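Please load the model in a viewer and keep a selection tool at hand. The stops below are meant to be visited in order.

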Amino acid sequence: MSFEIHLEDGERLIANLSFIAGKRGSLNLAISDRAIYLPRRKFFAVSDPDYCERVPLNRALQATVRKLNPYPLWTLALVMVLAGSLTTVLMMLPILRGEEGNVSGYPPAIVVVGLVIPFVARRRYGLTISIEDDPFSWKPPLFVDSASRKAVGSFLDRVIEACRKAGITVRDERVDSASRVEGVVRSNSYPTAELYSEATKTKGIRRLCYHCGVALKVNRWEDWNGFLSKCPHCGQLHGKSWNAYRTVLASLFLNAFSFFLTMRLKRAFLFFVAFALLLAGLSVALERGLLSGASELVLLSVALLGPFAINSVLLLRHETALKSASAVSHQLTE
């Protein structure tokens, strides 16, 4: 059944709001000067279990934008990272010893998903409308890209604004937080690009900003890797989307050398030296039998999967800054 609103005589509609993100993540609700219209689902229904419930305003006690508990997702992420890492190491050990073995992409994929979950779960907010007999709660889907997370915040802002106009007591836990949940990657963490000029003979190639079209001077190596930089004209981030398949393969097979594909040269060199020293020390310790079986497994996991884990986080951060949402929309009618 579609979300149908039937107003009474003389009833004025304040807001008709929609958040569209798939079947489970979508939400439709409406607020008038007399009631709140909420989507409900029957426990037992022969055909269509969904219906629209009209809740008079005198039964609505409070509307709250509340911070969702991240600990269950963090626990799941930890289990996935540990299980995926252990399985990946056990899968790669026979190959490193020169023996035959089967290679599967599922264990590393589990590690990647486990690394992504904490970033997606942090500063995630939902909606709760306290009603006398049956409270209403909504949790938005787990979004990775910044535009979708920003759209969630905008949608919640509109709900709170409409509730205030209807005279409902509201509480916004985002106001008490140090930063509003926008999911936006801070552009200050990226270097500012230089404007391109034909008069200068400095090294670099000409690239047009994806947002404002102004000519930028970009280093060839950074342009090839698609590293992000801030446009000095519009302040937006300029760069290319990374190939996740290439990044994962490079992390697994090139190990510390893969840092040069995901980091700028100075930082990549520092990480490369750190992991090279770790691998050298681990090789000496293994030859002399200085480590126990458990210690060997732990250090091998760090040495082999460390670049993979670090590059996965960098990949997520990079793509989050670039991608936009296409499955989210909201509507406000007054």
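The tour passes through a helix, a small group of strands, several charged pairs and the internal cavities. Please bear in mind throughout that this is a predicted model.

**Stop 1: helix H3**

Select residues 106–121, which form helix H3. The helix has 16 residues, and the distance from its first C-alpha to its last is 22 Å, close to the 22 Å expected at 1.5 Å a residue. Next, colour the buried residues of H3: Pro-107, Pro-108, Val-111, Gly-114, Leu-115, Val-116, Ile-117, Val-120 and Ala-121. When viewing such a pattern, recall that an α-helix has 3.6 residues a turn, so residues three or four places apart point the same way. Then step just past the end of H3 to Arg-123, where phi is positive, at about 50°.

**Stop 2: the sheet of S9, S11 and S10**

Display strands S9, S11 and S10 together. They make an open sheet of three strands in the order S9-S11-S10, and the pairing is antiparallel. Which strands stand at the edges? They are S9 and S10; each has a single partner strand, so one side of each is left without a neighbour in the sheet.

Now restrict the view to S9 and S11. These strands run antiparallel and are joined by two bridges. Select Leu-195 to find one of the bridge positions: its partner in S11 is Leu-216.

From there, move to Ser-197, which sits in the loop between strand S9 (194–195) and strand S10 (205–208). A C-alpha to C-alpha distance drawn from Ser-197 to Leu-216 should read 8.4 Å, although the two are 19 residues apart along the chain. Is Ser-197 buried, partly exposed or exposed? Its relative accessibility is 30%, so Ser-197 counts as partly exposed.

**Stop 3: salt bridges around the sheet**

Side chains of opposite charge can pair when their charged atoms come close. The structure holds 13 salt bridges, and a few of them merit individual inspection.

Begin with Glu-194 and Lys-217, whose side chains form a salt bridge at 2.8 Å, N to O. Glu-194 belongs to strand S9 and Lys-217 to strand S11 (residues 215–218), so the pair ties together parts that are 23 residues apart in sequence. The two partners fall into separate accessibility classes: Glu-194 is partly exposed, with a relative accessible area of 47%, whereas Lys-217 is buried, at 14%.

Next, select Arg-207 and Asp-223, which meet in a salt bridge at 3.1 Å, N to O. This pair links distant parts of the chain, with Arg-207 in strand S10 and Asp-223 in helix H5 (residues 220–225), 16 residues apart. Arg-207 is partly exposed at 32% relative accessibility, while Asp-223 is buried, with a relative accessible area of 10%.

Keep Asp-223 selected and add Lys-240. The side chains of Asp-223 and Lys-240 also meet in a salt bridge, here at 3.7 Å, N to O. Asp-223 lies in helix H5 and Lys-240 in the loop between strand S13 (237–238) and helix H6 (244–253), so the pair ties together parts 17 residues apart in sequence. Lys-240 is partly exposed, with a relative accessible area of 32%. Elsewhere, select Glu-8, Glu-11, Arg-34 and Arg-54: salt bridges that share partners join these residues into one network.

**Stop 4: the second largest cavity**

Asp-223 and Lys-240 appear again here, as both are among the residues that line the second largest cavity. To outline this space, add the other lining residues: Tyr-210, Val-218, Glu-222, Gly-226, Phe-227, Ser-229, His-238, Gly-239 and Arg-264. The cavity holds about 70 Å³ of space. Its lining divides into three nonpolar, four polar and four charged residues.

**Stop 5: the largest cavity**

How many cavities of 30 Å³ or more does the count give? There are two, and the last stop is the largest, with a volume of about 110 Å³. Select Arg-124, Tyr-125, Pro-140, Arg-149 and Val-152, which lie nearest its centre among the 13 lining residues. Then show helix H4 (residues 146–165), which gives the most to this lining, with four residues. By residue class, the lining of the largest cavity comprises nine nonpolar, one polar and three charged residues.

Note on methods. Residues are numbered from 1 along each chain as its sequence is written. This is a predicted model: local features need pLDDT of at least 70, side-chain atom pairs count only at pLDDT 80 or more; totals for chains, interfaces and linings use all residues. Side-chain values use heavy atoms; hydrogens and water are left out. On a 1 Å grid over the protein atoms alone, a cavity is a set of points where a 1.4 Å probe fits but cannot get out, and a pocket is an open set with protein on both sides within 12 Å along at least five of seven lines; lining residues have an atom within 4 Å of a point. Grid points are joined across faces, edges and corners, and a volume is the space filled by probe spheres set on the points. Ala, Val, Leu, Ile, Met, Phe, Trp, Tyr, Cys and Pro count as nonpolar, Asp, Glu, Lys and Arg as charged, and the others, Gly among them, as polar. Buried means under 20% relative accessible area, exposed over 50%, partly exposed in between (1.4 Å probe, protein chains only). A salt bridge is a side-chain nitrogen of Lys or Arg within 4 Å of a carboxyl oxygen of Asp or Glu. The expected span of a helix is 1.5 Å times one less than its number of residues. Two strands pair if DSSP finds at least two bridges between them.
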